[in-house]
Amino acid sequence: MNLVFPIALGGAIGAVMRHYAGSAALAAFGAAFPWGTLIVNVTGSAIMGVLIGTFAQTESVSPALRAFLTVGVLGGFTTFSTFSLDVVSLWGRGEVFAALGYVAASVVISVAALAAGLYGTRMILS
């Protein structure tokens, strides 16, 4: 129960960050493709890799701070529920290839970004 407040606070911060990132992507790239969601998912995955890599090498990070950053901030920031909606929306508009490309890019690049963040952090901190 003592982790609920840090998670809730982090979630609020992450959700606001996601809003601003999505708004910036919309202004920069337009609404034809869900660039904001893709950028947020890739960025969030990379940051998660860095955090988990750091936590694995550092014993001094408290459980509350770990929960705040990972479950809270990144949980509020990343948007796989929005991702699902974007895929269905693209598909529903008949943009089947865009939908499939979006799924492939989101999954492959996000996993690669997390791995790069994790292994890069391990290399730096080892």
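The pLDDT is the predictor's confidence in each residue, on a scale from 0 to 100. In the predicted model described here, the chain has a mean pLDDT of 95, and 100% of its residues reach 70 or more. Confidence varies between elements: the lowest mean, 92, belongs to helix α4 (residues 80-92), whereas the highest, 97, belongs to helix α1 (residues 4-29).

The secondary structure of the chain consists of 5 helices and 0 strands. Read from the N terminus, the order of elements is accordingly α-α-α-α-α. Along the principal axes, the C-alpha atoms fill a box of roughly 50 × 30 × 25 Å. Of the 126 residues in the chain, 33% are buried. Contacts that link distant parts of the sequence were also examined. Among contacts between residues at least 6 apart in sequence, 72% join residues at least 24 apart.

Helix α1 was analysed with respect to two other helices, α2 and α3. The axes of α1 and helix α2 (residues 35-57) come within 8 Å of each other and cross at roughly 130°. Angles over 145 degrees count as roughly antiparallel and those from 65 to 115 as roughly perpendicular; α1 and α2 are therefore oblique to each other. The crossing in which α1 passes α2 is right-handed. On the α1 side, this contact is made by R18, A21, G22, A25 and F29, and on the α2 side by W35, G36, T37, I39 and V40.

The axes of α1 and helix α3 (residues 63-77) come within 6 Å and cross at roughly 35°. Here, too, α1 passes its partner, α3, in a right-handed crossing. The α1 residues that meet α3 are P6, I7, L9, G10, G11, I13, G14, A15, M17, R18 and A21. Their counterparts in α3 are A64, A67, F68, V71, G72, V73, G76 and F77. Residues R18 and A21 of α1 thus appear in the contact with α2 and also in the contact with α3.

Two residues of helix α2 were considered individually. V40 is located in α2 and counts as buried, with a relative accessibility of 0%. When residues up to four places away in sequence are not counted, V40 touches R18, A21, F77, T78 and T79. One of these contacts, with F77, spans 37 residues in sequence, while the C-alpha atoms of V40 and F77 lie 7.0 Å apart in space. F77 is itself among the α3 residues that meet α1.

N41 is likewise found in helix α2. Its relative accessible area is 0%; residues under 20% are classed as buried, and N41 is therefore buried. With residues up to four places away in sequence left out, N41 touches T78, T79, F80, F83 and S110. T78 and T79 are contacted by N41 and also by V40.

Charged side chains were examined for pairing. Side chains of opposite charge can pair when their charged atoms come close. With a salt bridge taken as a side-chain nitrogen of Lys or Arg within 4 Å of a carboxyl oxygen of Asp or Glu, the count comes to 1. R93 forms a salt bridge with E95, and the closest N and O atoms of the pair are 3.1 Å apart. The relative accessible area of E95 is 30%; because the partly exposed class lies between 20% and 50%, E95 is partly exposed.

Methods. Residues are numbered from 1 along each chain as its sequence is written. This is a predicted model: local features need pLDDT of at least 70, side-chain atom pairs count only at pLDDT 80 or more; totals for chains, interfaces and linings use all residues. Side-chain values use heavy atoms; hydrogens and water are left out. Helices (H or I, at least four residues) and strands (E, at least two) are DSSP runs, numbered from the N terminus. Buried means under 20% relative accessible area, exposed over 50%, partly exposed in between (1.4 Å probe, protein chains only). Axes are lines fitted to C-alpha atoms, for helices over the stretch in contact, and angles run from 0 to 180 degrees between N-to-C directions. Angles under 35 degrees count as roughly parallel, over 145 as roughly antiparallel, 65 to 115 as roughly perpendicular and the rest as oblique. A crossing is left-handed if the near helix is turned anticlockwise from the far one by less than a right angle, and right-handed if clockwise. Contact means heavy atoms within 4.5 Å.
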